[in-house]
Amino acid sequence: MSKASEIDIVSVSKTYGTTTAVHAISLKIPSGSYCCFLGPSGCGKTSTLRMIAGHETISSGDIRLGNTVVTDLPPAKRGTAMMFQSYALFPHLDLIDNVAFSLKMKGVEKEERRAKALAMLKLMQMEPYATRRPAQLSGGQQQRVALARALITDPEALLLDEPLSALDPFLKIRMRAELKKLQKNLGITFVHVTHSQEEAMALADLIVVMNDGRIEQAATPREVFERPATAFVARFMGDHNVLSGRVVSAEGGLVRLDVAEGQVFAVRGEEREVGAPVDIGIRTDRVRVATPNDPDLGFNGVVTNIEYRGASVKLTVLGAGSEDFTVILSDADYFAKPVSVGDAVALSWALDDAVLLGRVN
């Protein structure tokens, strides 16, 4: 396999007529890493992937792969390979000819390309099916063939557009493990687009959260989970509640904010201007159903929904300006002191379980 290459995205924008799909984003994807672009539909993640691949023109900015500026190079000259969401296998060709197709286009001799295709199918544990057509395979098998076809060109980076979206939940989990193992074994850079938080957390060394054509945060999965950069990341990852208000004081490393309903909350953080809008995130699994020791670290609310999830129970609470403040309790904690929909509850958390969120300009 080729050596892996760093991907450097420098102030890259994509406009379609008067619509800007990607707003001057800059990002370094380290060589040999597994990077997931994560975000809702229409956030610009697939446009970014297609610009890296060369299937979409760049409106402004540059993309560098290793030491080469690839901005104006055609896809075949970039050192990248793309695996499409639909797999795009040729129905009339057997697996060997499907995998060898790009080598055929490059004029590689038949024996050589078939031998290389067989080696790739062996890597994907698909050698026994080499003479079958794609229609005779399951979804997971088709995906392995599509991967083999993308990897036969010895790319420096493999680009994957929602590769697991068509698979059933159990197969998704199995293929996740296989993708991670494959990336580690090959040592090349993988860039993977997904809208699944769980998928990104399970696979990535670097998660890039996009929203409305901008990067909200680019960090390790743990950093994104524990310290979301913005209210959008906190909400999208689903592991933090967001309370929004205005700064009433900021001193001694503590910021206090009041929300529309009049409560005041404290969070550690650098000084903010009094009166400035501010968001804080509070870990859903660290909230307790108990009266707070410090009035700035909790509130009274009303339970609006309860979901039993086996190992945990999810409460939704109305209060502090939030209609869906979430509390994740262990099943033992919940059943030791159960509550019902409509009950008034006191909620509290520790100062270290709240995080001051930033804003994307």
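These are my notebook entries on a predicted model, covering its overall build, helix H2 and two residues with positive phi.

**Ground rules.** I number residues from 1 along each chain as its sequence is written. Local features need pLDDT of at least 70 and side-chain atom pairs count only at pLDDT 80 or more, while totals for chains, interfaces and linings use all residues, and side-chain values use heavy atoms, with hydrogens and water left out.

**Overall build.** I looked up the secondary structure and found 9 helices and 20 strands; these are DSSP runs numbered from the N terminus, helices being H or I of at least four residues and strands E of at least two. The C-alpha atoms fill a box of roughly 75 × 45 × 35 Å along the principal axes. Of the 361 residues, 48% count as buried (buried is under 20% relative accessible area, exposed over 50%, partly exposed in between, with a 1.4 Å probe and protein chains only). I also checked contacts (heavy atoms within 4.5 Å): of those with a separation of 6 or more, 65% join residues 24 or more positions apart.

**H2 and its ends.** H2 spans residues 95-105. At its N-terminal end I found Aspartate 94 as the cap, with a side-chain oxygen 3.2 Å from the backbone nitrogen of isoleucine 96. After H2 comes glycine 107, with a positive phi near 85°. The buried residues of H2 include Leu95, Ile96, Asn98 and Ser102, and their cover includes H3 and helix H4 (139-151).

**H2 against H3.** The axes of H2 and H3 (residues 110-123) come within 8 Å and cross at roughly 125°. I therefore logged H2 as oblique to H3 (under 35 degrees is roughly parallel, over 145 roughly antiparallel, 65 to 115 roughly perpendicular, and the rest oblique). On H2, the contact is made by Leu95, Ile96, Asp97, Val99, Ala100, Leu103 and Lys104. On H3, the partners are Arg113, Arg114, Lys116, Ala117, Leu118, Met120 and Leu121. I noted 9 nonpolar, no polar and 5 charged residues in this contact (Ala, Val, Leu, Ile, Met, Phe, Trp, Tyr, Cys and Pro are nonpolar, Asp, Glu, Lys and Arg charged, and the others, Gly among them, polar).

**Two positive phi values.** Most residues other than glycine have a negative phi, so I looked at two that do not. Serine 11, in strand S1 (residues 7-16), has phi near 50° and is partly exposed at 36% relative accessible area. Aspartate 212 has phi of about 55°, lies in the loop between strand S9 (206-211) and strand S10 (214-219), and counts as exposed at 51%.

Definitions and conventions:
Axes are lines fitted to C-alpha atoms, for helices over the stretch in contact, and angles run from 0 to 180 degrees between N-to-C directions. A polar contact is a pair of N or O atoms within 3.5 Å; within protein, one must be able to donate a hydrogen and the other to accept it, and residues adjacent in sequence count only if both atoms are side-chain atoms.
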